[in-house]
Amino acid sequence: MKIIFSSNVHGQTGTTTNMLAIAVMSDILYQRKSILLQTQFCLNQLEVPLLPPSKRKEVNSYELGMDALLKGIQSGKSTKELLKACCICISENRMDFLPGTNARNREVYEEEIAKGLHEILKLANEFYEYVFIDIGPVQNEFAQQVWKEADLLVINLCQNIRVLDHFFSEYEQPKNIIYLLGYYDCHSTVNKKTLTRLYKSLKGENTFVIPYNTELRDSVSEAKLIQFFLQNMYCEPQDENYYFVEEVKKVSGYIMNLEKMGNLEQTQKVLENPHSR
C-alpha cells in the first residue's frame, strides 16, 4: 500500500513528522512490514528523528540510500535484495528506512528520480505492506505526478485560511485522499468543525488532526521518536500526551482498516461511507 504524504506549503503542516508518527504507530500497533522514503533534494533528513548520531554516519555511505537504489535500477538490478541493501533497518526487521539523496546537482537528481520513482515504488510495494513516501510540498509538476502513484494520498494542511484557500483553488482533489491538520490547535477558531463547513472537500470522516505536541517535537530533535511512542502508547487520559497519541492512533487505525479491506479500489467508498469500516 503506497501512502504518499504531501502538502502545499513548507514548514506549517508537519508533513514529515506526521508521516513518521503514523509509521511508527502502525509499526507498534499492527507490526506491518514497512519502508520509509522521501523524494526531496534538500531538507531530506528523515534519519534525524530515527537514528542516534553514531548511526547517522551510515547514511552517507555510497552503498545506501536513494542514489544507490537509482543507480542499481538503471543498471537493471531491480530486485528485493538491491532494495534491502540500500536501506537501514529501524525496528526488528519490520521497518526499513531508505535514506534520501546526497546528490549535489538538483537538476540531475530530479531528472533521475522522475525516471526511476515508478520502478522504486513498484518494487517497494511488492515487498512491503506499507510504503510511506514523503514528497514534501507540491511545488512542481513532478510532485503532482507522484500523487498519481498513491494508493492513499495524505494531504497535510494547516489552520491558515490563506494557505487553505490556495490549496483548494489550485489543486484537483483525487478520490483516494485523506486530510491531516498538522500542528493542530484545538483552541483556534479555525478548528476542524469550522474548516469542514468552509471547504466541501473536508468531511468529518476524511479529515484528521495531529495536535501540536512539545514533547514529540523534542523527541524528533533528540532522535527519540520511537522511544516517545513506546513510552506513551497507553498513557492515561489526564496525561498531556494523551490527546496527541490518540489522534495518531485514529489515523493509523483508519489506514489499517483500508488495508484490511484487501481492495484499495474501495478506498473512496470508505471515505464516503465511514460506517462501512
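Ile 35 touches a group of residues that lie more than four places away in sequence, namely Leu 83, Cys 87, Asp 96, Leu 98, Ala 124, Tyr 128, Tyr 130, Val 131 and Phe 132. In this predicted model, Ile 35 and Leu 157 are the residues with the most contacts inside the largest nonpolar core, which has 46 residues. Helix 6 (residues 106-127) supplies the largest share of this core, seven residues. A second core, separate from it, has 44 residues, among them Met 1, Leu 216, Val 245 and Val 251. In soluble globular proteins, nonpolar side chains tend to be buried together.

One of the contacts of Ile 35, Asp 96, leads to a pair of strands. Asp 96 belongs to strand 4 and stands opposite Cys 89. Strand 3 (residues 88-91) and strand 4 (residues 95-97) run antiparallel and are joined by three bridges. The two strands form a hairpin with three residues between them, and in its turn Glu 92 has a positive phi of about 45 degrees.

Helix 1 (residues 15-30) offers a further point of orientation. Its 16 residues span 22 Å from the first C-alpha to the last, close to the 22 Å expected at 1.5 Å a residue. The helix is mostly covered, with 13 of its 16 residues buried. After helix 1 comes Gln 31, whose phi is positive, near 50 degrees.

Confidence varies along the protein. The mean pLDDT is 89, and 92% of the residues reach 70 or more. The highest confidence is found in strand 8 (residues 207-211), at a mean of 98, and the lowest in helix 13 (residues 267-272), at 52.

Notes:
Residues are numbered from 1 along each chain as its sequence is written. This is a predicted model: local features need pLDDT of at least 70, side-chain atom pairs count only at pLDDT 80 or more; totals for chains, interfaces and linings use all residues. Side-chain values use heavy atoms; hydrogens and water are left out. pLDDT is the predictor's confidence in each residue, from 0 to 100. Helices (H or I, at least four residues) and strands (E, at least two) are DSSP runs, numbered from the N terminus. Two strands pair if DSSP finds at least two bridges between them. A nonpolar core is a set of buried Ala, Val, Leu, Ile, Met, Phe, Trp, Tyr and Cys residues joined through side-chain atoms within 4.5 Å. Buried means under 20% relative accessible area, exposed over 50%, partly exposed in between (1.4 Å probe, protein chains only). Contact means heavy atoms within 4.5 Å. The expected span of a helix is 1.5 Å times one less than its number of residues.
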